[in-house]
Amino acid sequence: MCGIIAGIINTNIADSLIEGLERLEYRGYDSSGLAVIKSDQSIIHRKSVGKVSELKAIVKASKTEGQIGIAHTRWATHGKPSTLNAHPHLSHDCFAIVHNGIIENYETLKEELIAEGYEFSSETDSEVLVHLIHQAMQSSSSLFDAVQSITPKLEGSYALAAIDKSTPDTLVVARRGSPLIIGLSDDQIFAASDVIAFNETIEQCIYLEDEDVAAISKNLLTVMNNGEIIPRPINSISGDENGASKGSYTHFMHKEIHEQPQAIQRLIDAYLTDKGLFSNTFPVADQLAISRIKNITIVACGSSYHAALIAKLWFEAYAEIQCQVEIASEFRYRKSIVPKRSLFIAISQSGETADTLAALGHAKKLGYKKSLAICNSNHSSLVRETDLCLLTHAGKEISVASTKAFTSQLTVFLMLAIYFAQKRKLTTKNDTMMDALKQLPDQLSDALTLEPLIEKTVTPLAKAKNCLFIGRGEMHSIAMEGALKLKEISYIHAEAYAAGELKHGPIALIDDKLPVIVIAPNNDVLSKIQSNINEVKARGGQVYIFSDSDDFDQANSLIPIAPAPSLISPIIYSIPLQLLAYHIALLKGNDIDQPRNLAKSVTVE
Ligand code: M6R
């Protein structure tokens, strides 16, 4: 979603802002813009619809020079993608702002401002911010004071950066609900929505907290929170947080698919030591409570939700803990019952998904006592707002379509299910389970070797308009994830069904134009899914089977998966489905890493 980069440097900042915007492109956007204060103390702004490269060309062709500036990638919420709606927004050519988030009471604020004579040039909620600043400056001594005075009037979420042409040495930033980080080096200071936006010289950062307002100049940084100066800690930026590169790959998604064996090994190393699973992870005070858990509620969105659906099956099968899984955007708006001795898990790759954060807030109000975040971002809002945290250690995921974060989530869930089973003395097969877990990285590497075959086999699928994915048990959720991947990057309509549901409706769709992807590991429901395949074939359907069994009619397209312990097979089968979606999208020539309309982290409702 929207991305912010703003800063002060000793040379022309426009190029640095463009580079920052390029690094933020992965978040998803439809227009972009920047504003700088020129040496004659006027604000100059440039905007463009479409890719940052178009803004870059405009900036290059015009004289856009200054040492302080703000820039933005916009993902449209209020008003279509257009140059008028693109940020920055200006008031009276004196102030400019960029904003990420949603100002929920913007209509009321806008009416009040219009009544006072303010004129709006965009349809956005964000524009109220800059006029409010202008209004507040009538009674404030500085931009810093003005921003502090307007934030209590705002409902909703914001990360914002503002400049005032009369103080070309100061940038003011503020956050509530949307991430904002200050990056520091000897001669540069930036603020951004994500560490990744910073250049390599920025090695330290400060994570702003909700309600922080900061004044940034070359030599001074002041952070205020509710009228008090707050010294926020300075953190080092680790190598894998900034400067993500594709290396020898054409797409981040392809690179991230291939990183999975290493990512999963890293995860296993983090949580499985000589002393066992999660031996040093949970605070001692929480260990007893964890071992007494009787019920788990998990909320999530998208791929994280699919991972949670599989976790439910594992928690119930291995640890005998009842588990409910809910889509975060549904859970947050309904009354539900808090089971006794329950653990509330919120799972999110980014840790900034608005619905998941709101669902966590809702759960706390409902009375859930203990919350656990499963998250890929250590500094996310989700991690800050939960009692316990398990990081997924997948490394930065840039591609909008989740791959390594998803398999890392599954692996954490699997380890957690085994851990709960151990705590409850339910595992008679502890060694076998540990052995299966340790096999994961090699098994994932094996699955990746299928790429040339998958690439060849799936070619006809690129012409399909629709596609059906079927599976049973955990593989139903893997089918859902496979269908989501295909939809996201190939724009082919895809649906997933529990294979047993076919004859309750979707079988009506089967004809020779509907490819059916079958996920059929050699397990105790193989014969059931073989019957489902026959039903599809009998109606002329084209079947593509992913299986470690060869007990299928030769007329089918079979992608042979290496046999693996059933415990880990959902993680293994994720890989060929990711590769399937990737190669179809590649054949279609789509923008794989930044699919249309999508954002990497959905920070607004
Ligand atoms: O960051 P989160 O895990 O909370 O994100 C949830 C979904 O937005 C995300 O999984 C989305 O569905 C991905 N694009 C899937 O590839």
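A residue counts as buried when its relative accessible area is under 20%, as exposed when that value is over 50%, and as partly exposed in between. Keep this cut-off at hand for the exercises below, and remember that the model is predicted.

**Exercise 1. Classify Ser 381 as buried or exposed, and find which residues it touches.**

Solution. Start with the element: Ser 381 belongs to helix α12, which covers residues 381-385. Next, take the relative accessible area of Ser 381, which is 1%. The cut-off for buried is under 20%, so Ser 381 is buried. Now look at the neighbours. Leaving out residues up to four places away in sequence, Ser 381 touches Arg 175, Gly 351, Glu 352 and Leu 357. Finally, try a distance on screen: from the C-alpha atom of Ser 381 to that of Pro 460, 79 residues apart along the chain, you should get 43 Å.

**Exercise 2. Do the same for Ile 206: in which strand is it, and what does it touch?**

Solution. Ile 206 sits in strand β11, residues 204-207. With a relative accessible area of 4%, Ile 206 is buried. Its contacts, again without residues up to four places away in sequence, include Leu 180, Ile 181, Ile 182 and Leu 184. Further along the chain, Leu 221, Arg 232, Pro 233, Ile 234 and Asn 235 also touch Ile 206. For a distance check, use Ile 237: the two residues are 31 apart in sequence, and their C-alpha atoms are 9.7 Å apart in space.

**Exercise 3. Find where the backbone has a cis peptide bond and where phi is positive in a residue other than glycine.**

Solution. First, a reminder: most residues other than glycine have a negative phi, and most peptide bonds are trans. The cis bond to look for joins His 87 and Pro 88, with omega at about 0°. Pro 88 lies in the loop between β4 (68-74) and β5 (89-91).

Now turn to phi. Arg 341 has a positive phi of about 45° and is placed in the loop between α10 (328-331) and β20 (342-348). Lys 425 has a phi near 55°, and its loop runs between α13 (404-423) and α14 (430-448). To finish, compare their accessibility: Arg 341 is partly exposed at 49%, while Lys 425 is exposed at 74%.

**Exercise 4. Decide how compact the chain is for 605 residues, and describe its layout.**

Solution. Begin with the secondary structure, which comes to 18 helices and 27 strands. The radius of gyration is 26 Å and the globule rule gives 25 Å for 605 residues, so the chain is as compact as a globular protein of that length. Along the principal axes, the C-alpha atoms fill a box of roughly 75 × 55 × 45 Å.

Then consider the interior: 59% of the residues count as buried. Among contacts between residues at least 6 apart in sequence, 71% join residues at least 24 apart. On the outside, the chain exposes about 24,000 Å², with carbon and sulfur atoms supplying 49% of it. For the charges, the mean positions of the 56 positive and 70 negative ones are 4 Å apart.

Last come the domains: domain 1 (3-236), domain 2 (247-445) and domain 3 (449-605). The C-alpha centres of domain 1 and domain 3 lie 43 Å apart. Their contact takes 11 residues from domain 1 and 9 from domain 3.

Definitions and conventions
Residues are numbered from 1 along each chain as its sequence is written. This is a predicted model: local features need pLDDT of at least 70, side-chain atom pairs count only at pLDDT 80 or more; totals for chains, interfaces and linings use all residues. Side-chain values use heavy atoms; hydrogens and water are left out. Helices (H or I, at least four residues) and strands (E, at least two) are DSSP runs, numbered from the N terminus. The radius of gyration is taken over C-alpha atoms; the globule rule is 2.2 Å times the number of residues to the power 0.38. Buried means under 20% relative accessible area, exposed over 50%, partly exposed in between (1.4 Å probe, protein chains only). Contact means heavy atoms within 4.5 Å. Accessible areas come from the Shrake-Rupley method with a 1.4 Å probe; for residues, only the protein chains shown count as cover. Lys and Arg count as positive and Asp and Glu as negative; His and the chain ends are not counted. The place of a charge is taken as NZ of Lys, CZ of Arg, CG of Asp or CD of Glu. Domain bounds come from an automatic or database domain assignment.
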